[in-house]
Amino acid sequence: MTKWLLLAIAASCGAPDECEIDGTMCKKLSGWGLFDDIATQTPAADVIPYDLNTPLFSDYTVKDRFVRLPAGMSTTWNPSDALDLPVGSVLVKTFSYLHDRRDPAAGRRMLETRVLVHGESGWHGAAYVYGDNTSDADVAIAGKLVDASWTHDDGSTRMNRYAVPNQNQCKECHEEHDEIVTPVGPKVRNLRPDRMQAMIDAGVLVGAPPVDQWPHAVVATDPATGTVDERARTWLDINCGFCHNARGVARTSGLFLDAAETDPAKFGVCKAPIATGRGSGGLQYDIVPGMPDQSIMIFRIASTDPEIRMPELGRNLVYDEGLALIREWITAMSGTCL
Amino acid sequence: MKRWLGLVLVVSACSSDPCEGVTGECIALTEGASATDVQTALIEVMPGGTIAFGEGTFHFETDLSLDVDNVTIMGQGMDKTILSFKGQTSGAQGILVTANGFTIHDIGIEDPPGDALKILGSTGVHIYKTRVEWTGGPMETNGAYGLYPVQCHQVLIEDSLVKGASDAGFYVGQSDGIIVKNNRAEGNVAGIEIENSTHADVTKNTATGNTGGVLVFNLPGLDVKNGAITRVFDNQIYENNLLNFAPAGNIVGNVPAGTGMAILAAHQVEIFNNTIKDHKSINIGVISYVPLGITVTDPNYDQYPTAISIHDNTLIGVSDKPTGQLGALLLLAIGEIHPDPPYIVPDIAWDGVLDPARDPYPATDKLCIQNNGDANFINLAWPLGEGALPSEDMSPHDCALAPLPEVVLP
């Protein structure tokens, strides 16, 4: 049996940073050997960047995503579920704020890098938080709050008390009911085609059909890429569906927002809430066709109150563009609830 | 004098190790421990270990979570160790537990903006001598649920107190194998609520000063539905007359202020040996989901209460100020029988809605009412004006159902 143990020299004190894929997370991000240069996010040779068509909204951060498969191993094209990455695989995601969203060249503030590793016993995750020196980052088992500000798309100054998740919160999103931590992404239908091609070229994604048989890449905020219904369901799948599915942590709500759900009553149409508390906003149903302002879904997407807002993790701010899309989707629905 | 006091305090602080007397691995957290220290302990604790808080108040800006099996969280007393979530800015609950074999005791949880303690999908939950309180009193901005196990198995909640929840103080949802015993629920919208659950014993509790004392509900649209077999016995349920402060749109927002017990579309419920008194709307109400007027899109949901047995209770007090939409239904029906005031609501009311699919109606599915002293009754014949008339005749319900089994936890 392979002993999945990595040893590296931690930059700070010279002691070896012991990490293994089955639970012991490196104390330093550098311990994983994922980057040639962490500060510039230059990946190591065996680490492949990827990108998504429709990303999860994370308070207007930008994300660099990478995947590393064990040497010589690959994953097989799967049209529906998340790619089945072999034991030893690592998914990496770095969150940053651009100083000025209108001008990416003006630089960015790096916040954290999340590392998800596929061990023999399942997936394990940890977040590494950057200080002023971004040449390395420290593990933050219990998460961290980071105050940040940036210049927004409209030129205004925006601020956020950005929350780095704790290790349990990684699992709340990535875990399903059977207690196997599964990655949120990437699914081939959500992989940006040029990056998918790069994975195929690198030999880590095998069995792909010809390009003309690839699933249609839906970018939720780009009307050119799909109908309102396609884009709204994609947006809900990415932003809500990992908890709101029959096995996710939000299963007790009976509201299932993953792309596979086909019953309108289960994705919220005329569905009465269960244990919603103030989240109902005084409204009767999750979605009232044609009436976004009577729909709890809109109320919660538009809220910043911790008891009301959805998603409840990883979002403090309102995603204006996503809210507009779901509003458009509900407005276009026909039918009534009673 | 001051020096002596200082010395005494120092001595007592040194001598009080929160882990004292705990066997097995124990992580001590004394006053001044940061939120990061606490969350780190909750992640790094080994299965079977204990996290022991000292006396004092611990403040949290984000939620706490535990995902390690067989862990005990303990304090030094429900009024001595306080986890305060006042000012919490992220997380929909104070504490989230997703591990099996969870125990918590001798601790207070205060002022979370959302639910206080949510336990999801756990087998083996033991909560005792735990207090949850919204310290500003009943307010719509209080969190929804106090002690909140959902989709759990083998749940024991005892000797605990919940005050001020804007939905339910004690709320066990979609679970199986439940004992709620010797607790006090006060100043909540719903004191104790058993929802979509099976095999529950609610006993020796006191529910007072809530909007509704004890609720047994079944709701549609959930994977775990049509809960059954709940016994409510030996409880003191009185003066639950608090204005309903649930945020609108919540199912408990339908509970009229002044409700002792409400049975909503529940199955196999045995209510006995309780004292239920002094409610301005109703001592015991039994209704189907139909009068709520909420669309039901779930074809497998049974909207009708069945096999409800109410026997050997003491039901007293004058209910003459029913409130809310259901209170209005009560008044309409009473007015049909007694055109002139005063309009006094009988102790037990049933909406009278029968499942059209249960024809002939099985005797084992009946609402049975026996030996409740001089308690009286009304069949509301909802919806009025479609042929059926309301009736105060209790004789159709003079029957007994087989006693339900005691809940035995391993």
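Two residues are in contact if their C-beta atoms, placed from the backbone, lie within 7 Å. Keep that cut-off at hand for the exercises below, which work through a predicted model.

**Exercise 1. Describe the overall build of chain A.**

Task: find how many helices and strands chain A has, and which radius of gyration a compact globule with 338 residues would have.

Solution.
- Step 1: start with the secondary structure. Chain A holds five helices and 14 strands.
- Step 2: turn to the dimensions. Taken along the principal axes, the C-alpha atoms of chain A fill a box of roughly 65 × 45 × 35 Å.
- Step 3: test the compactness. A compact globule with 338 residues would have a radius of gyration near 20 Å, and the 20 Å of chain A agrees with this.
- Step 4: look at burial. Of the 338 residues in chain A, 46% are buried.
- Step 5: apply the contact cut-off. Among contacts in chain A with a separation of 6 or more, 51% are between residues 24 or more positions apart.

**Exercise 2. Do the same for chain B.**

Task: work out how the radius of gyration of chain B relates to the globule rule for 410 residues.

Solution.
- Step 1: count the elements. Chain B comes to three helices and 31 strands.
- Step 2: apply the rule. The globule rule gives 22 Å for 410 residues and chain B has 23 Å, which is close, so chain B is as compact as a globular protein of that length.
- Step 3: add the extents. The C-alpha trace of chain B spans about 80 × 45 × 35 Å along its principal axes.
- Step 4: finish with burial and contacts. Buried residues are 55% of the 410 in chain B, and residues 24 or more positions apart supply 64% of the chain B contacts with a separation of 6 or more.

**Exercise 3. Trace the pairing of strands in chain B.**

Task: say which strands are the edge strands of the eleven-stranded open sheet, and which residue of β24(B) is the bridge partner of Thr230(B).

Solution.
- Step 1: write down the order. The open sheet of chain B runs β4-β7-β9-β11-β14-β17-β20-β23-β26-β29-β31, with parallel pairing.
- Step 2: find the ends. β4 and β31 (377–379) of chain B each pair on one side only, which makes them the edge strands.
- Step 3: note the twist. From one strand to the next it averages 15 degrees.
- Step 4: zoom in on one edge. Three bridges join β29 (residues 348–350) of chain B to β31(B) in the parallel sense, and Ile348(B) has Phe377(B) as its bridge partner in β31(B).
- Step 5: now move to β24 (residues 267–272) of chain B. Five bridges link β24(B) with β21 (residues 228–233) of chain B, running parallel, and another pairing, also parallel and of five bridges, links β24(B) with β27 (residues 306–311) of chain B.
- Step 6: follow one residue across. Thr230(B) has Val269(B) as its bridge partner in β24(B), and Val269(B) has Ile308(B) as its partner in β27(B).
- Step 7: check the cover. Five of the six residues of β24(B) are buried.

**Exercise 4. Follow α1(A) through two contacts.**

Task: identify which element gives the largest share of the side of chain A that touches chain B, and what covers the buried residues of α1(A).

Solution.
- Step 1: count the contact between the chains. Chain A and chain B give 38 residues each.
- Step 2: locate the elements. On the chain A side, those giving two or more residues are β13 (157–164) and α1 (167–174), and α1(A) has the largest share with four residues.
- Step 3: sort by class. This side of chain A has 16 nonpolar, 15 polar and seven charged residues.
- Step 4: turn to the contact within chain A. The domain assignment gives domain 1 (5–213) and domain 2 (223–332), and their C-alpha centres lie 26 Å apart. Domain 1 puts 19 residues into their contact and domain 2 puts in 17.
- Step 5: look for familiar names. β13 and α1 of chain A are the elements that give two or more residues to the domain 1 side, which divides into eight nonpolar, six polar and five charged residues.
- Step 6: examine the burial of the helix. Seven of the eight residues of α1(A) are buried, including Cys170(A), Lys171(A) and His174(A).
- Step 7: name the cover. It includes β9 (108–119) and β10 (122–129) of chain A, together with α2 (35–44) and β4 (62–66) of chain B.

Definitions and conventions:
Residues numbered from 1 in each chain as written. Chains lettered and ligands numbered in written order. Predicted model: local features only at pLDDT ≥ 70, side-chain atom pairs only at ≥ 80, totals over all residues. Nonpolar A, V, L, I, M, F, W, Y, C, P; charged D, E, K, R; others polar. Buried ≥ 20, exposed ≤ 12 C-beta atoms within 10 Å, placed from the backbone. Domains from an automatic or database assignment. Pairing = 2+ DSSP bridges. Rg over C-alpha atoms; globule rule 2.2 N^0.38 Å. Axes fitted to C-alpha atoms, helices over the stretch in contact; angles between N-to-C directions.
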